[in-house]
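Reader: I am new to this structure and would like a close look at a single part of it. Could you choose one place, explain the terms you need, and then work outwards from there?

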Amino acid sequence: MGATGCGKSKLSVDLSIACGYEAEIINSDKMQLYRGLDISTNKISIPERRGVRHHLLGDLDPADGELTPADFRDLAGAAVADIASRGKLPVVVGGSNSFIYSLLVDRSGPEDRVSPQLRYDCCFLWIDVAFPVLCDYLCRRVDEMVETGMMEEMADFYSSESWPGRTGLLKSIGVPELEWYYKMGDDEGGWDTVRRSVYEDAVRKIKENTCRLAERQVGKIMRLKSGGWDLHRVDSTDVFRERLRAEDEAEEEEEELVMMTAAAESGGGQQRRKSKIKRRRQWVEVWEKEVMDPSVKIVKQFLQE
Ligand code: ATP
């Protein structure tokens, strides 16, 4: 469990490989359930899945409508039963806490407040990141998404006449914020400055709404915790500090490289690759120490009980 962007998907794959059991992952992010908008919804890529089987990730047609928590309980419950029947370990990962609650809660429990009675034996991990640090990271992630194809993906979405019918994805962050921009079309001639400001405004709103989502998600997790759910909190703030620091360093290095034109022409590419690997190694070390090792310990202990 955890807010958007906190590293749940990575942890789920790392744990599935390290826990000593064969595990399969069930997605519980209500937007990632659907086919499409892979960049904007931040779906884990196939290489990042590292051979671990994923369920309910991009499997549904957004034109079939919005899934309710009760629908998710049925679908994900069937996936849990299927995985368990094959002797494997189900790992549920995703930020939609209403879906997680609906899947796990025992229906005979109280309906008017958080019920601590669950229908499975669960081990909960909550990756927490100090909000200002996470928000800083999320804003940069939006810029990165824009650079790696979010706008093209959204242009495709809006260019299809059937988009209003893809109700499953209409609330996905980026879709409402960019609607006006795509409706303006690109044949407005002298409207360039207007288009630019509409675009900038949309990107600003996407950042704001992503941070707001993260804040709401943490609020819901804390509600579950105070309602009696035994959540193990793992603090990933230092990992994010390290990632942000490494990115700043990369930008500085890039500026230096560009200035040293000769280096950029000859050994520039190689130096960039080396620095990138070194920086990744630095934050991955912190990840292993602060997040991965404590999580493996918690899960192994749970599995032995
Ligand atoms: P709510 O009851 O507010 O829908 P929830 O716990 O069921 O909350 P959340 O995961 O918090 O589900 O999603 C709330 C909203 O956040 C979604 O309707 C959507 O607008 C946005 N959202 C959630 N996940 C994503 C995602 N992966 N990509 C884009 N937007 C998302």
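Author: A residue counts as buried if 20 or more other C-beta atoms lie within 10 Å of its own, as exposed if 12 or fewer do, and as partly exposed in between, with the C-beta atoms placed from the backbone. The model is a predicted one, and the part to look at closely is Q282, which sits in helix α11, residues 268-304. Q282 has 15 other C-beta atoms within 10 Å, and therefore it is partly exposed. Leaving aside the neighbours within four places in sequence, Q282 is in contact with E242 and A246. Of these two, E242 lies 40 residues away along the chain, yet the C-alpha atoms of Q282 and E242 are separated by 7.5 Å.

From here it helps to step back to the domains. The domain assignment of the chain gives domain 1, residues 8-235, and domain 2, residues 238-289. The centres of the two, taken over C-alpha atoms, are separated by 29 Å, and the contact between them takes 6 residues from domain 1 and 5 residues from domain 2. On the side of domain 1 that touches domain 2, the residues divide into 4 nonpolar and 2 charged, with no polar ones.

The interior can be followed in a similar way. The largest nonpolar core has 62 residues, and those with the most contacts inside it are I100, L103, I127, L134, L138, A214 and V291. Helix α8 provides the largest share of this core, 8 residues, while domain 1 and domain 2 each contribute at least three residues to the core. As for L138, its contacts, apart from neighbours within four places in sequence, are G5, T210, C211 and A214.

Helix α8 also matters for the description of the ligand. With 4 residues, α8 gives the most to the shell around the ligand, and both α8 (192-226) and α4 (97-104) supply at least two residues of that shell. Of the 18 residues around the ligand, M31, T41, S96, S98 and I173 come nearest. By kind, the shell divides into 9 polar, 5 charged and 4 nonpolar residues.

The sheet comes next. Its 3 strands form an open sheet in the order β2-β1-β3, with parallel pairing. The edge strands, each pairing on one side only, are β2 (54-55) and β3 (89-93). Strand β1, residues 23-27, is joined to β3 by 5 bridges, and the two run parallel; one residue to find there is E24, whose bridge partner in β3 is P90.

Two loop residues complete the picture, and a general remark prepares for them. Most residues other than glycine have a negative phi. L37, however, has a positive phi near 50° and is not a glycine, and its place is in the loop between β1 and α2 (46-49). R50 is likewise not a glycine and has a positive phi of about 45°, with its place in the loop between α2 and β2. The surroundings of the two can be judged by the cut-offs given at the start. L37 has 24 other C-beta atoms within 10 Å, and so it is buried, whereas R50 counts as exposed because it has 11 C-beta neighbours inside 10 Å. Returning to the starting point, Q282 is partly exposed with its 15 other C-beta atoms within 10 Å.

Conventions
Residues are numbered from 1 along each chain as its sequence is written. This is a predicted model: local features need pLDDT of at least 70, side-chain atom pairs count only at pLDDT 80 or more; totals for chains, interfaces and linings use all residues. A residue is near a molecule or strand if its C-beta atom, placed from the backbone, lies within 6 Å of it. Ala, Val, Leu, Ile, Met, Phe, Trp, Tyr, Cys and Pro count as nonpolar, Asp, Glu, Lys and Arg as charged, and the others, Gly among them, as polar. A nonpolar core is a set of buried Ala, Val, Leu, Ile, Met, Phe, Trp, Tyr and Cys residues joined through C-beta atoms within 7 Å. Domain bounds come from an automatic or database domain assignment. Two residues are in contact if their C-beta atoms, placed from the backbone, lie within 7 Å. Two strands pair if DSSP finds at least two bridges between them.
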